[in-house]
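Q: Please take a close look at one part of this model. I would like a connected account of how that part packs and what lies around it.

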Amino acid sequence: MSIESLLSELSLGDEAKLVDVVKADGAIKSGLADNIEALVAKCASKDPATAIAGLTTAAALSVGAPAAQPFTKECLTAALEQAASKSADVRNVAKTSALAICNN
């Protein structure tokens, strides 16, 4: 499955698939570099489920796929903005995601 299709149908629990694809093929060959804006949009989503899936994926890529780190940094702004979300779940995941992005 391509990164583009994984990101378009992203849900919580899909992060391991994306990490595996990026680890196997690299950030550029896998298509992550070309599709990072789709992940940024998921992270910035107003829909809590979509935002949580995006933020969790960004954190997982930062930790599990070192080749993705230059690209997952693009999600940091969305994570910081989501740290002020009305949803407590989104706030908590956003904080964890921001720290994962910064620490890796």
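How are α3 and α4 oriented to each other: parallel, antiparallel, perpendicular or oblique?

A: This is a predicted model. In it, α3 and α4 are oblique to each other. Two packed helices are described by the angle between their axes and the distance between the axes. Here the axes of α3 and α4 cross at roughly 135° and come within 7 Å. Angles over 145 degrees would count as roughly antiparallel and 65 to 115 as roughly perpendicular, so the value for α3 and α4 falls in the oblique class.

Next, the residues that meet. On the α3 side they are L32, L39, K42 and C43. On the α4 side they are T50, A51, G54, L55, T57, A58 and L61. By class, this contact of α3 with α4 has seven nonpolar, three polar and one charged residues.

Now the helix itself. α3 spans residues 32-43. Its buried residues are L32, N35, I36, L39, V40, K42 and C43. An α-helix has 3.6 residues a turn, so residues three or four places apart point the same way. The cover over the buried residues of α3 includes α4 (48-64), but also α1 (3-8), α2 (15-25), α5 (69-72) and α6 (76-82).

The wider setting is the largest nonpolar core, which has 30 residues. Those that touch the most other members are L18, V22, L32, L39, C43, L61 and C75. α1, α2, α3, α4, α6 and α7 (88-103) each supply at least two residues of this core. The largest share, six residues, comes from α4.

V22 shows how this core links up. Leaving out residues up to four places away in sequence, V22 touches L32 and L61. Both L32 and L61 also take part in the contact of α3 with α4. The other contacts of V22 in that set are I3, A27, S30, A65 and A68.

Just before α3 comes a loop. I28 sits there, between α2 and α3. I28 is exposed, at 65% relative accessible area. Beyond its neighbours within four places in sequence, I28 is in contact with A33 and F71. I28 and A68 lie 40 residues apart in sequence, yet their C-alpha atoms are 8.7 Å apart.

One charged pair remains. The count of salt bridges comes to one. K17 pairs with D14, and the closest N and O atoms are 3.5 Å apart. K17 is partly exposed, at 44% relative accessibility. D14 is buried, at 10%.

Notes:
Residues are numbered from 1 along each chain as its sequence is written. This is a predicted model: local features need pLDDT of at least 70, side-chain atom pairs count only at pLDDT 80 or more; totals for chains, interfaces and linings use all residues. Side-chain values use heavy atoms; hydrogens and water are left out. Buried means under 20% relative accessible area, exposed over 50%, partly exposed in between (1.4 Å probe, protein chains only). Helices (H or I, at least four residues) and strands (E, at least two) are DSSP runs, numbered from the N terminus. Contact means heavy atoms within 4.5 Å. Axes are lines fitted to C-alpha atoms, for helices over the stretch in contact, and angles run from 0 to 180 degrees between N-to-C directions. Angles under 35 degrees count as roughly parallel, over 145 as roughly antiparallel, 65 to 115 as roughly perpendicular and the rest as oblique. Ala, Val, Leu, Ile, Met, Phe, Trp, Tyr, Cys and Pro count as nonpolar, Asp, Glu, Lys and Arg as charged, and the others, Gly among them, as polar. A salt bridge is a side-chain nitrogen of Lys or Arg within 4 Å of a carboxyl oxygen of Asp or Glu. A nonpolar core is a set of buried Ala, Val, Leu, Ile, Met, Phe, Trp, Tyr and Cys residues joined through side-chain atoms within 4.5 Å.
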